[in-house]
Amino acid sequence: EMANLETKYQTEKKEQQINLLTAENKIKNQRIRLGWLFIAMLFLSITLVLALLYFRRKQSIYKEGELKQQLLRSQMNPHFIFNVLGSIQSFLYKNESGKAADYLSKFASMIRSVLAFSSEEKISLNDEITMLKNYIELERIRMENPFDVEFLMDSEMETDFIEIPPMIIQPFVENAIKHGLQNLSYSGKLTISLEEK
């Protein structure tokens, strides 16, 4: 009987040890799972923070570009403005009030367009062309040998529905006039070709 009791005691002791080891293993497994979960959460958090920083940086670069573009749009070459005012003054000195009024009207229309478009991100191509025509006409009137102007574009191009950033074509036209047509002793030609691609 003593032997049986000893065996039973040893068996119960081993079962307790097995239960204890099983409980310890469960705790270890839970700790390992919690550790992996913590690492995964940490990795996810770092990824989210990096993604947020990346998008914020992209957004700030975009905003900076937008502000630069808005600044460019809101600026108009002061030299051009003084030339226009000088031309109006010249017409008035020559008693050509009709020409001065017409010139002033075109200038006012162009300035109104520039101011209206400066707050817009995009405008229709048709609005840009209208503003360009006003600008070109002002430049033509000032010259001794006015140049010819030609707009080449597909008749099926829907200029009312095509949107572009405002004042994006004007600097190219201004440079073409300033460096290509301004000091000619004959009448030059400005061709503006617009294609939808």
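Visitor: What share of the 197 residues in the protein is buried?
Guide: Buried residues make up 23% of the 197. This is a predicted model. To count as buried, a residue needs a relative accessible area under 20%.

Visitor: Why is E128 called buried?
Guide: The cut-off is under 20% relative accessible area. E128 has 0%, so E128 is buried. The residue sits in helix α4, residues 125-142.

Visitor: Which residues is E128 in contact with, leaving aside neighbours within four places in sequence?
Guide: I123 and I164 are in contact with E128, as are P165, P166, M167, I168, I169 and Q170.

Visitor: Why is N126 called partly exposed?
Guide: Partly exposed lies between the two limits, under 20% for buried and over 50% for exposed. N126 has 29% relative accessibility, so N126 is partly exposed. Helix α4 holds N126.

Visitor: What does N126 touch, not counting residues up to four places away in sequence?
Guide: T159 and D160. In addition, the C-alpha atoms of N126 and E163 are 8.8 Å apart, with the two positions 37 residues apart in sequence numbering.

Visitor: What makes up the largest nonpolar core?
Guide: It has 31 residues. L125, V173, I177 and L190 have the most contacts inside it. Two or more residues come from each of α2 (78-93), α3 (97-117), α4, α5 (170-181) and β4 (189-194). The largest share is that of α4, with seven residues.

Visitor: Which residues does L190 touch, not counting those up to four places away in sequence?
Guide: Its partners are I136, F147, D148, V149, E150, V173, A176, I177 and L181. A contact here requires heavy atoms within 4.5 Å.

Visitor: How many helices and strands does the protein have, and in what order do they run?
Guide: There are five helices and four strands. From the N terminus on, the order is α-α-α-β-α-β-β-α-β.

Visitor: How do you know that the protein is more spread out than a compact globule?
Guide: Set the radius of gyration against the globule rule. The rule gives 16 Å for 197 residues, and the protein has 39 Å, well over that value, so the protein is more spread out than a compact globule. Along the principal axes, the C-alpha atoms fill a box of roughly 140 × 35 × 25 Å.

Visitor: What share of the contacts with a separation of 6 or more joins residues 24 or more positions apart?
Guide: That share is 78%.

Visitor: What supplies the exposed surface?
Guide: The protein exposes about 14,900 Å², and carbon and sulfur atoms supply 58% of it.

Visitor: How many charged side chains of each sign are there?
Guide: The protein has 24 positive and 26 negative ones, and the centres of the two sets lie 10 Å apart.

Conventions. Residues numbered from 1 in each chain as written. Predicted model: local features only at pLDDT ≥ 70, side-chain atom pairs only at ≥ 80, totals over all residues. Heavy atoms only, no water. Buried < 20%, exposed > 50% of the residue type's maximum accessible area, 1.4 Å probe, protein only. Core = buried A, V, L, I, M, F, W, Y, C linked by side-chain atoms within 4.5 Å. Rg over C-alpha atoms; globule rule 2.2 N^0.38 Å. Areas by Shrake-Rupley, 256 points an atom, 1.4 Å probe, with all protein chains shown as cover. Lys, Arg positive; Asp, Glu negative; His and termini not counted. Charge placed at Lys NZ, Arg CZ, Asp CG, Glu CD.
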